[in-house]
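Subject: Structure handover

Hi,

Here is the structure I said I would pass on. Have a look, and my notes follow underneath.

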Amino acid sequence: MENFLYGIVGLIAKAHSYILSLNDSYEYNFSDKYLHFIVIGILGMLLILVVHPIFLWLAKNKHVMAISFVYVFTLIVVITFAIEIGQKVTHTGVMEFADIEFGLFGFILMFAIFDLVRLLIHFLLYCVKGDQDEDDQD
């Protein structure tokens, strides 16, 4: 188990170094906070895209997105803490609570945008179906 955990920390350290090298290579000069915002936000959205269909299949009710959000948010909290601890252990970055906050905010903001788009699509589908139902009654 110890080897497994060190292996995961090693993978995270390699990913961190790779992302930093991309930032340096393309001269984006994103701050550490902004990189956490982007990476954790994207990771969170990828987890939502994987977790949500599974919960839909299991629960089949209209409140599954709330379950998915809670589950993924919990995972994101754990992952952000693991990343910060991994940075401390491997000396690949500075361990800061603000990085965790920025990462979580990145996910929350990206999820809010996703949910707004999703609600808009549902509203438009409701409007289209509503017009069809009125035509059928005539």
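A quick word on terms before the notes: helices (H or I, at least four residues) and strands (E, at least two) are DSSP runs, numbered from the N terminus. On that basis the protein has four helices and zero strands, and along the sequence the pattern reads α-α-α-α. This is a predicted model, where local features need pLDDT of at least 70 and side-chain atom pairs count only at pLDDT 80 or more, while totals for chains, interfaces and linings use all residues. Residues are numbered from 1 along each chain as its sequence is written, and side-chain values use heavy atoms, with hydrogens and water left out.

Overall shape: the radius of gyration, taken over C-alpha atoms, is 20 Å, well over the 14 Å that the globule rule gives for 138 residues, so the protein is more spread out than a compact globule. That rule is 2.2 Å times the number of residues to the power 0.38. The C-alpha trace spans about 70 × 40 × 20 Å along its principal axes.

Burial: 25% of the 138 residues are buried, where buried means under 20% relative accessible area, exposed over 50% and partly exposed in between (1.4 Å probe, protein chains only). Taking contact as heavy atoms within 4.5 Å, residues 24 or more positions apart account for 66% of the contacts with a separation of 6 or more.

Now the core. I use nonpolar core for a set of buried Ala, Val, Leu, Ile, Met, Phe, Trp, Tyr and Cys residues joined through side-chain atoms within 4.5 Å. The largest one has 15 residues, and Ile-48, Val-72, Ile-76, Phe-107 and Phe-111 touch the most other members. Helix 2 (32-59), helix 3 (64-90) and helix 4 (97-137) each give two or more residues to this core, with helix 2 giving the most, six.

Two of those residues in detail:

- Ile-76 sits in helix 3 and is buried, at a relative accessible area of 0%. Leaving out residues up to four places away in sequence, Ile-76 touches Ile-40, Leu-43, Gly-44, Leu-47, Leu-104 and Phe-107.
- Phe-107, with neighbours within four places in sequence set aside, has contacts that include Ile-40, Gly-44, Ile-48, Phe-69, Val-72 and Ile-76.

And one outside the helices: Asn-61 lies in the loop between helix 2 and helix 3. Asn-61 is partly exposed, with a relative accessible area of 36%. Its C-alpha is 46 Å from that of Asp-24, and the two are 37 residues apart in sequence.

Cheers
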